[in-house]
Amino acid sequence: MVEQGLIMAAYILCVGFFGLITSRNTVRALMSLEPIFNGITLNFITLSNLSNNREGGEIFSLFVITVAAAEAATGLAIALSIHRNRKSTRIDQSNLLKW
């Protein structure tokens with residue numbers, strides 16, 4: 001059971017990293033962060049079932065889910081603000097540091 005959970009978490013993490021590396025759109029990059037967080041959460045829960053302290057992994061997973069929700073809300077607000085000003089959400093066209 002532990003090996004299956006770790007293999008599934010590694011697969012979800014790889015899908016998230018692939019989506020993050022290949023995306024050019026800001027919203028798609030933010031959406032690719034969610035599978036990464038889900039893979040990390042699955043790792044925590046799987047490894048907490050292996051140890052004697054089962055509550056540690058599940059409590060830490062709740063913190064990861066909370067941070068992921070806050071990251072999604074903040075990231076989408078920033079992406080919406082950039083879209084209003086620049087009329088584009090492409091990462092390679094965003095040059096916000098230039099005057």
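## The two sides of helix α1

In this predicted model, the exposed residues of α1 include Glu3, Gln4, Ile7, Tyr11, Cys14, Phe18 and Ile21, which lie on the other side of the helix from its buried positions. Those buried positions are Gly5, Ala9, Gly16 and Gly19. Around the helix axis they cover an arc of only 90°, which means that they sit on the same side of α1. The general background is that an α-helix has 3.6 residues a turn, so residues three or four places apart point the same way.

The cover over the buried residues of α1 includes α2, the helix formed by residues 26–50.

## Length of helix α1

Helix α1 runs over residues 2–22, and its 21 residues should span 30 Å because each residue contributes 1.5 Å; the C-alpha atoms at its two ends are 30 Å apart, in agreement with that expectation.

## The chain as a whole

The protein chain contains three helices and zero strands, and its elements follow the pattern α-α-α when read along the sequence. Among contacts in the protein chain with a separation of 6 or more, 58% are made by residues 24 or more positions apart.

Of the 99 residues in the protein chain, 21% count as buried, where buried means under 20% relative accessible area. The protein chain exposes about 7,300 Å², and carbon and sulfur atoms supply 68% of that area.

Notes:
Residues are numbered from 1 along each chain as its sequence is written. This is a predicted model: local features need pLDDT of at least 70, side-chain atom pairs count only at pLDDT 80 or more; totals for chains, interfaces and linings use all residues. Side-chain values use heavy atoms; hydrogens and water are left out. Helices (H or I, at least four residues) and strands (E, at least two) are DSSP runs, numbered from the N terminus. The expected span of a helix is 1.5 Å times one less than its number of residues. Buried means under 20% relative accessible area, exposed over 50%, partly exposed in between (1.4 Å probe, protein chains only). The arc is that of the directions from the helix axis to the C-beta atoms. Contact means heavy atoms within 4.5 Å. Accessible areas come from the Shrake-Rupley method with a 1.4 Å probe; for residues, only the protein chains shown count as cover.
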